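Colleague: Please take a close look at a single part of this model. I would like its packing described with the cut-offs stated.

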Amino acid sequence: MIKVIFFAALREQLGCGGAEVSANNASTVTQVKDALGEKDADWKNYLANNSLLCAVNHQMVQGDFSVKSGDEVAFFPPVTGG
Amino acid sequence: MKSLSFLLLPVVKLVKIDTTINKYAEISIQVEDFDHGFEVNLLENDNVEDGAVVTFSGRVRNNNLGLKVKGLFLEHYPDMTEKLLAEIIETAKQRWNIGRVKVIHRIGQLAIGEQIVFVGVTSKHRQDAFAANEFIMDFLKVKAPFWKKELTELGESWLAAKTSDKEKAQAWSK
């Protein structure tokens with residue numbers, strides 16, 4: 001399983017803090033997003049936002065980054081701390 | 001439809017995490033307020049090698065983009081935040097001759113006037129501490145996974161990242 005977590009506006013839009021995706025269904029970050037988007041039209045729409053950022057195991061990555069079972073994948077909007 | 005298993009995970013817990021990178025650099029992500037004077041004392045205590053102490057603290061102001069602000073909510077990505085802040089501090093240490101570094105960032109619900117962030121840097125001479133402090137703050141703004149939700153007279157909304165913050169951070173690589 002790939003553990004997926006969401007933050008901030010995306011977490012509220014999706015209505016939950018995270019999900020799990022089978023590693024059989026996704027081998028890249030983009031495929032994880034596509035798999036999650038199959039939940040329903042709202043999820044597909046919110047996850048299609050191209051300003052979303054992604055980290056795998058706490059490292060910022062691009063969509064073609066490979067993922068495997070046991071990875072933690074996070075999707076979130078651009079950061080606004082400080 | 002592919003088989004999907006959706007495990008709904010709870011919202012991140014708000015916990016205090018102290019990360020001491022080494023004796024001279026410390027990161028704290030915390031709900032509680034901090035005491036500015038106490039933090040300055042920690043930077044100065046038993047530190048007679050450094051003549052310069054530069055601190056920055058950020059507070060919740062009562063206005064943004066023409067609207068009255070009533071408060072802020074700060075969310076973060078535990079563990080990744082500490083990792084990125086440690087990387088930013090390490091980069092600053094390689095670039096400038098600095099002594100001690102302390103970064104504090106608060107999370108959770110914050111009222112108008114409350115402190116949000118603290119960056120303290122010491123160095124032998126002022127130039128290194130001034131530059132490193134600004135550098136750490138600039139990269140914290142654009143790299144560290146924190147998100148602000150603002151409560152204004154019009155309701156709640158998540159803040160959008162500013163182009164000016166991105167440009168400010170990029171200017172360091174020129």
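Modeller: What follows is an account of one helix and its contacts. The model is predicted, so local features need pLDDT of at least 70 and side-chain atom pairs count only at pLDDT 80 or more, while totals for chains, interfaces and linings use all residues. Residues are numbered from 1 along each chain as its sequence is written, chains are lettered from A and ligands numbered from 1 in the order in which they are written, and side-chain values use heavy atoms, without hydrogens and water.

The part is helix H3 of chain B, residues 126-143 (helices are DSSP runs of H or I with at least four residues, strands are runs of E with at least two, both numbered from the N terminus). The axes of H2(B) and H3(B) come within 10 Å and cross at roughly 150° (axes are lines fitted to C-alpha atoms over the stretch in contact, with angles from 0 to 180 degrees between N-to-C directions). These two helices are therefore roughly antiparallel (angles over 145 degrees; under 35 is roughly parallel, 65 to 115 roughly perpendicular, the rest oblique). On the H3(B) side, Ala132(B), Phe135(B), Ile136(B), Phe139(B), Leu140(B) and Lys143(B) make the contact (heavy atoms within 4.5 Å). Among their partners on H2(B) are Leu85(B), Ile88(B) and Ala92(B). By class, the contact has 10 nonpolar, 1 polar and 2 charged residues (Ala, Val, Leu, Ile, Met, Phe, Trp, Tyr, Cys and Pro are nonpolar, Asp, Glu, Lys and Arg charged, the others, including Gly, polar).

Helix H4(B), residues 163-170, comes within 9 Å of H3(B), axis to axis, at a crossing of roughly 135°. H3(B) and H4(B) are therefore oblique to each other. Here H3(B) contributes Glu134(B), Asp138(B), Phe139(B), Lys141(B) and Val142(B), and H4(B) contributes Asp165(B), Lys166(B), Lys168(B) and Ala169(B). This contact divides into 3 nonpolar, no polar and 6 charged residues. Phe139(B) takes part in both helix contacts.

Turning to aromatic pairs, Phe6(A) in chain A serves as a reference: Phe6(A) is buried, at 2% relative accessible area (buried is under 20%, exposed over 50%, partly exposed in between, with a 1.4 Å probe and protein chains only). In chain B, Trp96(B) and Phe135(B) form an edge-to-face pair, 5.2 Å centre to centre with 65° between the planes (Phe, Tyr and six-membered Trp rings pair with centres within 6.5 Å; planes under 30 degrees apart are stacked, over 60 edge-to-face, the rest tilted). Trp96(B) sits in the loop between helix H2 (80-95) and strand S6 (98-106), 39 residues from Phe135(B) in H3. Trp96(B) and Phe135(B) are both buried.
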